[in-house]
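Here's a quick tour of what sits inside this fold, told from the middle outwards. Have the model open and follow along.

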Amino acid sequence: MSGIRIGIDLGGTKIEAVALAPDGAEPCRLRIPTPRDYEGTLQALADLVRRVEREAGGTGPVGVGIPGTVSPVTGLVKNANSTWLIGRRLHVDLERALGRPVRLANDANCFALSEACDGAGTGADVVFGVIVGTGTGGGIVVRRQVLTGPNAVAGEWGHNPLPWPDADELPGVPCYCGRSGCIETFLSGPGLAADHERVTGVRLGGEQIAALADAGDAMAEATLRRYERRMARALASVINVVDPDVIVLGGGLSKLGRLYVNVPAQWARWVFSDRVDTRLTAPRHGDASGVRGAAWLWPAPEAI
Ligand SMILES: [Zn+2]
């Protein structure tokens, strides 16, 4: 098949690879466990690209989504929870291993790009993609181009403080980043569970809290209302700076359907505008957006 792009999602536990046709079809998708060392990871990535090309019957440019970022200044990986990547010249080493140019991007940026190209944000000028799962990541895509920035942190609003805090939200719980009261400590899956436990004394996961709220449990319902009000404030602060056409949620908590109604119903209180036309939507590709967005890092092969 001609005209394919190859996308790779380099996760902490698995590596996924896809061949993406120009129309967004996937002639091939493969998944392997992530080796826990650097040399093994490089080798596995090179082998995986060869397998994808064999199965798809073509070759193409390679984009890779990583759980962290490459510093534009040093070329070294930073902020990665797969610690064996930190401080490595992954970009250079991967291009050498594959014998071709490679584009690397943060996995939240890949999510946003995928949803902007042929997902829930198709046709929108500015898309803000948010992952609310184990952590809280974000990415900004403007006219199908990822906004990176000189510090490679564009869109990373998870470690800003929760805006417009109530008295009982201060100073907030300590975050692994060294500060307290970060958005991530409230809006990630573990943040939601911890908030429910602080108030009720009961340790439950996000899905259990949602199921209880559905069944009429007042405490679970109150937890989700606190969560929605916090998300409305956190996203209002993004709207005030970036003013995206569409905000797409990804990650485990994006499956909470009520967010798409209850969060936009509140966010106008904090947006500096008489009306808010930004849309909050569920993802079209969901977990597949990481690997698909990595492929979209390249223009169509014909155009290279
Ligand atoms: Zn933090």
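Let's start with Leu235: beyond its neighbours within four places in sequence, Leu235 is in contact with Phe128, Val130, Trp157, Ile247, Val263, Trp267 and Leu280. Keep in mind that this is a predicted model.

Leu235 belongs to a bigger picture. The largest nonpolar core holds 34 residues, and Leu235 is listed with Trp157, Met231 and Trp267 as those with the most contacts inside it. At least two residues of this core come from each of S8, H4, H6, H7, S11 and helix H8 (259-262). Helix H7 gives the largest share, ten residues. There's also a second, separate core of 31 residues, with Leu42, Ala56, Leu90 and Leu94 among them.

Now for strand S11, residues 246-250. Five of its five residues are buried, so S11 is largely enclosed by the rest of the structure. In a regular strand, side chains alternate between the two faces of the sheet. In S11, Val246, Val248 and Gly250 point one way, while Ile247 and Leu249 point the other way. And what does S11 pair with? Here are its two partners, strand by strand.

| Strand paired with S11 | Bridges | Direction | A facing pair |
|---|---|---|---|
| S8 (residues 126-132) | five | parallel | Ile131 opposite Gly250 |
| S12 (residues 279-281) | three | parallel | Thr281 opposite Val248 |

Next up is helix H5, residues 189-200. How does its span compare with what it should be? At 1.5 Å a residue, the twelve residues of H5 should span 16 Å, and the end C-alpha atoms are 17 Å apart, which agrees.

Which H5 residues are buried? They are Gly189, Gly191, Leu192, Ala193, Asp195 and His196. As a reminder, an α-helix has 3.6 residues a turn, so residues three or four places apart point the same way. The buried residues of H5 pack against three helices: H4 (183-187), H6 (206-214) and H7 (218-242). H7, remember, is the helix with the largest share of the 34-residue core.

Both ends of H5 are worth a look. At the start, a side-chain oxygen of Ser188 comes to within 3.0 Å of the backbone nitrogen of Gly191. Just after the helix, Gly201 takes a positive phi of about 80°.

To pull it together: H7 packs against the buried residues of H5 and supplies ten residues to the largest core, while S11 is joined by parallel bridges to S8 and to S12.

How values were computed:
Residues are numbered from 1 along each chain as its sequence is written. This is a predicted model: local features need pLDDT of at least 70, side-chain atom pairs count only at pLDDT 80 or more; totals for chains, interfaces and linings use all residues. Side-chain values use heavy atoms; hydrogens and water are left out. Helices (H or I, at least four residues) and strands (E, at least two) are DSSP runs, numbered from the N terminus. The expected span of a helix is 1.5 Å times one less than its number of residues. Buried means under 20% relative accessible area, exposed over 50%, partly exposed in between (1.4 Å probe, protein chains only). Contact means heavy atoms within 4.5 Å. A polar contact is a pair of N or O atoms within 3.5 Å; within protein, one must be able to donate a hydrogen and the other to accept it, and residues adjacent in sequence count only if both atoms are side-chain atoms. Two strands pair if DSSP finds at least two bridges between them. A nonpolar core is a set of buried Ala, Val, Leu, Ile, Met, Phe, Trp, Tyr and Cys residues joined through side-chain atoms within 4.5 Å.
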